[in-house]
Amino acid sequence: MRKYYSKIDNIAGNVATLKADNVGYEELAVVEGSWGKSLAQVIRISGDNVALQIFAGTRGVSTGDKVSFLGSSMRFSFSDDLFGRVFSGGGEPRDGRTELTDNLIEVGGPAVNPAIRLMPHRMIPTNIPMIDVFNTLVEGQKLPIFSIPGEPYNELLSRIALQAEADVIVFGGMGLKYDEYLYFRRQLEEGGAMSRTIMFIHTAADPVVECLQTPDIALTVAEQFAIQGKRVLVLLTDMTNFANALKEISITMEQIPSNRGYPGDLYSQLASRYEKAVVFEEGGSITLMAVTTMPGDDVTHPVPDNTGYITEGQFYLKNGVIDPFGSLSRLKQQVNGKTRDDHRAIMDGCIQLYSKCRETREKRAMGFEMSDWDNKLLKYGESFENEIMDFSANVGLYDALAKCWEILARHFEPRETGIRSSLCDQFWPKRD
Amino acid sequence: MSTTGRIVTVYGNMVTAEFEGAVRQNAVAYCQRSDGVRLMSEIIRIRGKLADMQVFELTRGLKVGDSVEITDELLSLELGPGLIGMVYDGLQNPLPEMAEKIGKFLKPGNYLKALDRNRDWEFTPVASEGDVVTAAENLGKVKENIFDHFIMSPFTLDGEWKVKKMAKAGKYKIENEIAVLEKDGKTVSVNMIQRWPVRLPLGVYRERLLPTQPMVTKQRIIDTFFPVMLGGTYCIPGPFGAGKTVLQQITSRHAEIDLVIVAACGERAGEVVETLREFPHLKDPRTGKTLIERTIIICNTSSMPVAARESSVYTAITLGEYYRQVGLNVLMLADSTSRWAQALREMSGRLEEIPGEEAFPAYLESSIARFYERGGIVELKDGRKASLTIGGTVSPAGGNFEEPVTQGTLKVVGTFLGLSYARSYARRFPAIDPLESWSKYSGIIDGKKVSWAHNFLRRGKTIYEMMQVVGEEGTSIDDFVTYLKSEFLDNVYLQQNSFDEVDAACPTERQQYLFEMVLDVLKHEFTFKDKPQARDMFFSLTEQFRDWNYSPWQSDKMKENEKKIRSTLNSREAAHA
Ligand SMILES: Nc1ncnc2c1ncn2[C@@H]1O[C@H](COP(=O)(O)OP(=O)(O)O)[C@@H](O)[C@H]1O
Ligand SMILES: [Mg+2]
């Protein structure tokens, strides 16, 4: 039944071309040679010329290798047997256990109809005041951590993962260092979460093309659980590696790059993954947290830039803290109006004052005289950084709000805060 | 005349087919997958016997040799009563009905009729048998929500036709004949549906007029400082997170306009869900009806197929033109035009056209210009005025306005509302930069007063920058007070809290009233003993004005707050310390 082809015409980058007929766009193929075998996917058909992207890369591939087509696009087995398993980025078992073959589902299918989506409406408490008070995380949100290499983004990611109380955690690692993989694994095991976790691990040593499959397989699995009504948390790290893999392929395919070598469809490519975040009417949801490392701490770099336009905000990790200015949760207003009356006012008021404190610090650095007002701002800024921004702060929302009021009252008169007077009347700590 | 072809190339969402016979540019074609699913496409280039098509669906599974059915019709919309309140994708498929029919996911190859065939409409004839009509003249009308939806003679009618038969008043469905027209022995039967190709401007009217009447958005910074006109155009460029979408959402809620067409073009699905889920429950204060009864949503979000995203803005604009033709004042909001431009770029790349700046096609600028040109205010054939106002967001890479889409847009629009990082970081919403933005129109407040006030912002900024160099101690008290006044104007007038029930929308009368109060402060000659005293005074005034902004119009609370403001201004500190 299966037809074999045994002549490859061109090999370049990760792409091989050959003559074949009756082949569907995005169909899978197997390439087999003395070096081993690999899956491949059809990425262009022109007449009888078929271009194949070879998952394992083309190293060692010979023009005489055997190619056969599988008659469908990528599929992956879905069942509860997935829990606790670890796979490669391309979906092969990585934990030495058996391959799963039941209930194959299409990877990377069509988008959810927007008309059936629900608005995200449930807060995910993290006990990190910079998140809970200032940029609340919401179930069904898609949110990356923007970070320069070296910041504790993996720590932040795993802390949120364990705190979030999701039914299912799907982890997709792209271009991970082996140590990072082991770190996450240990965190999840120690936190008692491994039995509800499924990991797809592409390490820096694995073939580049598999890096492209990783988020698709992870999100397909997540989507199936969400349809069943489960609350799924997907962690993807590092999406910059994914984008770089896209860049590599598009250059091989001789596409005209739009910006610093990245393909013109980078936005759409990233969006079709991030947009898998969803809340279904029946209760299932996908919350998607990703890491985007920023080359050179440059937010205008095409990867963080396009990401920021797609995701519902970002946590901007800088100097070991979540920076209140670059960070944003666009969905916070879906939930922070329902927590407590003072939540929004504290959120705006504290940040406005902290921003003024930063201005004052600049003035001080230039050697200007500090007015009384300046001194107030400086002292406030210090308290705010030590008691609220610092990562060691580990308190619930209401305690964090109380802390904020306390700090304000320590340094200011109510009207200096810009917070409307009715709220100050109600919440301003009474001095005794 | 339809014809058939065979696929010879598949690459992304571009498919090339070899065909026999005649083929029309921009015609609709259907690629037939071997499992029988038909994928809608549009011909975008013809070379000899080869037609290049953009496919409006995922092309997965298409094969060389699969057949293509090429129609003779250009990509067109169905127009008629029943469009308002609908949620369509970029090809005018009703999304809620799609969900009912095919489930949660947008499986390729499913197309539904845009208008409900079974609904009864209470029809009243306007024309009489024997009347002579030309294209787009009123034959009758039905009531669509609160509007008179005029049923017109076909837009493509040539010359003068006689009304041979006219339906009597009564209930009709949109496919029922409501009139028969006759010319030179030829007759046409007219029902309530018209079709129009999305890429061609739709406009049959006496003349196009100059936009002169402001479109009130109830956002102070816009209506007072950077007004938009009925029939005018405006753009909102800004980096991500600066507030483009929120600004469009609040405009779609509060703008004084008959009909809003929201085009969610290549951005987040979640944002359109917000509109979709909330508008049926939110009241339009002008009519007392819900907002969805004055809204049409076109939804082609970022994970939906790219080619359909490109056409979705044309779908939205054509619907806008249609309702202008019906006689309404329509506002079309596109978020984001950059995603549309990117869709153009993707297709241009696949066609291997010679790329321009940042790989955008060379025709980008003229495409943008043609898009905004479709707005405008017109005098219809029956003498009524109707308008289509267009507002588009722009999402420049890296937040840098020196890029092709922003620059191409600035050349053609009447108002530029530039959002800035700095202002959104400082939570100064709406984050429209008052020193960068401009409007070619004049608004609801005397232009001289506005520029006098605006001047404070400019001087305040200069003084602020100087203070960065010489410090507060090196700044004169007069300059310092000017700076405080500019901050005051910014805080209590430019900034507006869209989450406060009252402050979210500031109607014309209230804006004019508040503006006078603010002018009183700006004009007031304070004599402060020192800077801390000055700062203190403006803290108080700012707080009191904010409280005023949060009090309902003409309420006791508002009057009380106003009294407080007056007494602060008349206090000894304010007069002569
Ligand atoms: N007028 C406003 N009032 C209060 N907050 C706003 C306002 N505009 C924007 N924001 C805040 O900024 C965030 C981003 O706004 P959004 O319109 O989504 O940005 P953009 O579309 O430019 O990326 C919002 O989620 C909200 O938190
Ligand atoms: Mg937006």
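# Spaces, a shared site and some uncommon angles

Guide: About 220 Å³ of space lies in the second largest cavity.

Visitor: Which residues lie closest to the centre of the second largest cavity?

Guide: They are A:N259, A:N306, B:Q342, B:R345 and B:A397, out of 22 residues in the lining. Some elements give two or more residues to this lining. In chain A they are strand 15 (257-259), strand 16 (262-263), helix 6 (266-274) and helix 7 (302-310). In chain B, helix 6 (337-350) does so.

Visitor: What should I know before going on?

Guide: This is a predicted model, where local features need pLDDT of at least 70, side-chain atom pairs count only at pLDDT 80 or more, and totals for chains, interfaces and linings use all residues. Residues are numbered from 1 along each chain as its sequence is written, chains are lettered from A and ligands numbered from 1 in the order in which they are written, and side-chain values use heavy atoms, with hydrogens and water left out.

Visitor: What makes a space a cavity and not a pocket?

Guide: On a 1 Å grid over the protein atoms alone, a 1.4 Å probe fits in a cavity but cannot get out. A pocket is an open set of points, with protein on both sides within 12 Å along at least five of seven lines. Lining residues have an atom within 4 Å of a point. The structure holds six cavities of 30 Å³ or more.

Visitor: How many residues line the second largest pocket?

Guide: There are 40, and A:G71, A:S72, A:S73, A:R75 and B:G61 lie nearest the centre. Helix 4 (208-227) and strand 10 (104-106) of chain A each give two or more residues to the lining. The largest share, four residues, comes from helix 4 of chain A. The second largest pocket encloses about 960 Å³.

Visitor: Why is helix 3 of chain B called largely enclosed?

Guide: Nine of the 11 residues in helix 3 (residues 244-254) are buried, so the rest of the structure largely encloses it. Buried means under 20% relative accessible area, exposed over 50%, and partly exposed in between (1.4 Å probe, protein chains only). Among the buried residues are B:K244, B:T245 and B:H254.

Visitor: Why is the site of ligand 1 called shared between chains?

Guide: Residues from chains A and B surround ligand 1, so both take part in the site. Of the 15 residues around ligand 1, the nearest are A:R330, B:G241, B:K244, B:T245 and B:V246.

Visitor: What makes a pair of atoms a polar contact?

Guide: Two N or O atoms must lie within 3.5 Å; within protein, one must be able to donate a hydrogen and the other to accept it, and residues adjacent in sequence count only if both atoms are side-chain atoms. An oxygen of ligand 1 is 2.5 Å from an N or O atom in the side chain of A:R330. For the side chain of B:K244 the distance is 2.7 Å. A polar backbone atom of B:A242 is 3.3 Å from a ligand oxygen.

Visitor: How do you know whether A:G264 is buried or exposed?

Guide: The relative accessible area of A:G264 is 14%, so this residue counts as buried. A:G264 sits in the loop between strand 16 and helix 6 of chain A.

Visitor: What makes B:K529 count as buried or exposed?

Guide: B:K529 has 64% relative accessibility and therefore counts as exposed. Its loop runs between helix 12 (508-523) and helix 13 (531-550) of chain B. B:K529 and B:I477 are 52 residues apart in sequence, yet 9.0 Å apart in space, C-alpha to C-alpha.

Visitor: What is said of phi in A:N103?

Guide: Phi is near 45° in A:N103, a positive value in a residue other than glycine. Most residues other than glycine have a negative phi, and most peptide bonds are trans. A:N103 has a relative accessible area of 47%, so it is partly exposed. B:E352 also is not a glycine, and its phi is positive, about 55°. B:E352 is exposed, at 64% relative accessibility.

Visitor: Which peptide bond has omega near 10°?

Guide: The bond from A:T237 to A:D238 is cis, with that omega. A:D238 lies in the loop between strand 14 (231-237) and helix 5 (239-252) of chain A. In chain B, a cis peptide bond joins B:D335 and B:S336, with omega about 10°. B:S336 is in the loop between strand 22 (329-335) and helix 6 of chain B.

Conventions
Grid points are joined across faces, edges and corners, and a volume is the space filled by probe spheres set on the points. A residue is near a molecule or strand if one of its heavy atoms lies within 4 Å of it.
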